[in-house]
Amino acid sequence: MSIQIGKLLANGTVRHIKVTNEELSERFIRVLKRFYPNDQRVDALIALGDIHRLGPSPYGKWIDCRDEIHCFGAIRDGRRDNTHLPRTADSVEVFRSFADDCFLFAEGKWYYLAMEEQIPLEEYDFKPNKNTICNLTIFRNRQASLCPAPRMNSWQEIEEYAEREGEILYIFRGRRLVRIIKPSTFNEEKKYV
């Protein structure tokens, strides 16, 4: 089973590739949403041809199995033949028929194609379960350095704290940043020093 990734072109056709060694997961959807938000990045991804693993960057070569940054391209990194080049489907309906899990980039957004529906990926907001908060560390920005925030017990409490205090919170699992929570009143022009 494979996942199809495609981009709707102006003439109604879909240029697409296959992801072979990846299962549909929260990580996969997050990478699509976060690291492939525009035409330029999606075009670079599809230009790789079929991939074995979706990574945050379509640029640069895959290093080894511990590489968390680059995509593993079948042609570029796996030295496969040209049967793994991007393909073109005549329509969205034809593209949808190639796999159970199809992701389409159209009009600047990602869609998951399920049965006869096109579901926008922005509707999918994966939050860890409440019981996973115990493995996380929360920091806030204080005069250009990260300081521990008070201990909190749920995602709702973290979001309420960010709103109440008007601070950006940085959530870490070990040394890895897993989420940034901004208050709704945060102004992008306001810089934290």
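**Close-up views of a predicted model**

**Figure 1. Packing of helix α2 in the predicted model.** The buried residues of α2 pack against β1 (3-8), β2 (14-19), α1 (26-35), β3 (51-53), β6 (101-106) and β7 (109-114). On the helix itself, these buried positions are Arg41, Val42, Ala44, Leu45 and Ile46. Glycine 49 follows α2 and has a positive phi, near 85 degrees.

**Figure 2. Surroundings of arginine 41, a buried residue without a salt bridge.** Arginine 41 belongs to helix α2 (residues 39-47). The nearest side chain of opposite charge is that of aspartate 43, 11 Å away. The arginine 41 side chain does, however, reach a backbone oxygen, that of proline 56, at 2.5 Å. When residues up to four places away in sequence are not counted, arginine 41 touches Phe35, Tyr36, Pro56, Ser57, Pro58 and Tyr59. Proline 56 thus appears both among the residues touched by arginine 41 and as the provider of the backbone oxygen that the arginine side chain reaches.

**Figure 3. The largest nonpolar core, with 23 residues.** Leu32, Tyr36, Leu45, Leu54, Phe103 and Trp110 are the members that touch the most other members. Two or more residues each are given to this core by β1, β2, α1, α2, β6 and β7. The greatest contribution is that of α1, with 4 residues. Leu45 is also one of the buried residues of α2.

**Figure 4. Contacts of tryptophan 110.** Neighbours within four places in sequence are left aside in this view. Tryptophan 110 is in contact with Ile5, Gly6, Leu32, Lys33, Tyr36, Val42, Phe103, Leu104, Phe105, Ile119, Pro120 and Leu121. Among these, Leu32, Tyr36 and Phe103 are listed together with Trp110 as the residues of the largest nonpolar core that touch the most other members. Val42, another contact of tryptophan 110, is a buried residue of α2. Apart from the largest core, the model holds a second, separate core of 12 residues, which includes Ile138, Met152, Tyr161 and Ile171.

**Figure 5. The buried side of helix α4.** Helix α4 spans residues 155-165, and its buried residues are Trp155, Ile158, Tyr161 and Ala162. Because these residues cover an arc of only 125 degrees around the axis, they lie on the same side of α4. Their cover includes β9 (137-142), β11 (169-173) and β12 (176-181). Tyr161 is also one of the residues of the second core. Just after α4, glycine 166 takes a positive phi of about 65 degrees.

Methods: Residues are numbered from 1 along each chain as its sequence is written. This is a predicted model: local features need pLDDT of at least 70, side-chain atom pairs count only at pLDDT 80 or more; totals for chains, interfaces and linings use all residues. Side-chain values use heavy atoms; hydrogens and water are left out. Buried means under 20% relative accessible area, exposed over 50%, partly exposed in between (1.4 Å probe, protein chains only). The arc is that of the directions from the helix axis to the C-beta atoms. Contact means heavy atoms within 4.5 Å. Lys and Arg count as positive and Asp and Glu as negative; His and the chain ends are not counted. A salt bridge is a side-chain nitrogen of Lys or Arg within 4 Å of a carboxyl oxygen of Asp or Glu. A polar contact is a pair of N or O atoms within 3.5 Å; within protein, one must be able to donate a hydrogen and the other to accept it, and residues adjacent in sequence count only if both atoms are side-chain atoms. A nonpolar core is a set of buried Ala, Val, Leu, Ile, Met, Phe, Trp, Tyr and Cys residues joined through side-chain atoms within 4.5 Å.
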